[in-house]
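Student: I should like to understand how the terms used for a structure are justified. May we go through them one at a time?

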Amino acid sequence: MHIVDGALAPEVLIGGGVLAVAGLGLGLRKLPIDKIPATGVLSATFFVASLIHVPVGPSSVHLIMSGLAGLVLGWTAFPALFVGLLLQAIFFGFGGLTVLGVNTVNIAFPAVIAGFVFRSMVSRRNPVAAAVWGGLAGASSIALTTLFVAVSLMLSGDAFAPAAKLVFFAHIPIMIVEGLISAAAVYLIVKVKPELLMPEDHVAGFELSASAVNTKQASEVNNG
Amino acid sequence: MARLLASVLLAGLVLGAGVGHAHKIIASVFPSGANVEGEIGFSNGDMAADTLVEVFDPQGNKIDEVKTDGDGFFIYTPRQKVNLVFRADLGAGHVAEATFAIADLSDLNVLNETASQPSASGAQAAVSIDEIPNSSPNGGKVISREQEELIATIVRDELRPLRREITAYKEKNDLQSILGGIGYIFGFFGIAYYIAARRLRDKETKP
């Protein structure tokens, strides 16, 4: 999942860096103030998830939790996952600083896609249906990430088909575990705080009312 | 549905077995007499068995290559007096890299002598030179070369588990760094919150 330093060609690293900066810019522009705490919490979730090893058969896999970030945050998943990846590289040596851009794109872009595809399904009122779609979002985000990893390896010289197969099959256990955990998380969110998963226009409406309240408060302060 | 899930799970286990998962790679090299010993594997304990390890000089020119054994262990005998870079591609974006400073090698003089006779293979030459009896002025008080070799081998064998433990310890993620990382994240988003809030206030206090 995390590509390490020295595995990729310089052109791929630069391309990944440029795309990551573009994604970060877009994510930060679309970051409404009331989503900042959720972004921070999901960034921390992603950061810690890689340390949770789930034993599967003779080996173990670690969680990634990018699908959930994509569902809740949309484009803002870029800054959230970037911060998580940066600190993972510094603290644990996962990945590396030169491949940070490529890793960010490989993990965050699938999360954004999964978020866009599944958000309307997940924001339903029925928690069970939402949980199923949430699980699918989690699993498909990982599947897309393996595809992206295979593409970056291919651009650096590996043959695409064997690399893609290798990475995809190695991650099937993670997809399953991740799908189940994303489903559980979405179930909880729909029950407890459904507005977190609402489509953008609802959030925009909420934002408008929030700024109206703010303006009212500000004028009150001026009057007093 | 359950059967489908089980079969997919099984397929993943069968096809995914032996494949490097999303784990950190550990590559360590250490001096051992005239040789360099190294180990390559994943942080979850899977070792890189039968993997090609390429040896480069600091300029990036390929000097040589060796193969790991079933436990991801390899021994390389340097032929030139240059720092070495060991590199192994474990597939799926996992590349192990370890550097070795040639000055750490205890038998450097042996290396120099073997380098002057390029026809002899490194390991053989090293052994034959080592076997020349050590003529000491004090007579029987100094141990012979053979005994010295034996002691060095024993010490190396005794130290090997210790070295492994140190390598494992270096890779350990302790609670402090985990909590520290979470703290950094919350701090960072706290700053973002502050900046966003200031901006919002500036916008709204403007007439």
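**Helix crossings and confidence**

Tutor: In chain A, helix α3(A) crosses α6(A) in a right-handed manner. This is a predicted model, in which local features need pLDDT of at least 70, side-chain atom pairs count only at pLDDT 80 or more, and totals for chains, interfaces and linings use all residues. Residues are numbered from 1 along each chain as its sequence is written, while chains are lettered from A and ligands numbered from 1 in the order in which they are written.

Student: What makes a crossing right-handed?

Tutor: The near helix is turned clockwise from the far one by less than a right angle; anticlockwise would make the crossing left-handed. The axes of α3(A), residues 66-73, and α6(A) cross at roughly 115° and come within 7 Å. Axes are lines fitted to C-alpha atoms, for helices over the stretch in contact, and angles run from 0 to 180 degrees between N-to-C directions.

Student: Which residues of α3(A) meet α6(A)?

Tutor: Ser66(A), Gly67(A), Leu68(A), Gly70(A) and Leu71(A) meet residues of α6(A) including Gly134(A) and Thr145(A). By class, this contact has three nonpolar, seven polar and no charged residues. Ala, Val, Leu, Ile, Met, Phe, Trp, Tyr, Cys and Pro count as nonpolar, Asp, Glu, Lys and Arg as charged, and the others, Gly among them, as polar.

Student: Why is α5(A) called roughly antiparallel to α6(A)?

Tutor: Helix α5 (residues 100-122) of chain A and helix α6 (residues 127-155) of chain A pack at an angle of about 150°, with their axes 8 Å apart. Angles over 145 degrees count as roughly antiparallel, and therefore α5(A) is roughly antiparallel to α6(A). The contact includes Phe109(A) of α5(A) and Trp133(A) of α6(A). By class, it has 18 nonpolar, six polar and no charged residues.

Student: How many helices and strands does chain B have?

Tutor: Chain B has five helices and seven strands. Helices (H or I, at least four residues) and strands (E, at least two) are DSSP runs, numbered from the N terminus.

Student: Which helix of chain B has the lowest mean pLDDT, and which the highest?

Tutor: pLDDT is the predictor's confidence in each residue, from 0 to 100. Among the elements of chain B, helix α1 (residues 2-16) has the lowest mean, 43, and helix α5 (residues 175-205) the highest, 85. For chain B the mean pLDDT is 68, and 65% of its residues reach 70 or more.

Note on methods:
Angles under 35 degrees count as roughly parallel, over 145 as roughly antiparallel, 65 to 115 as roughly perpendicular and the rest as oblique. Two residues are in contact if their C-beta atoms, placed from the backbone, lie within 7 Å.
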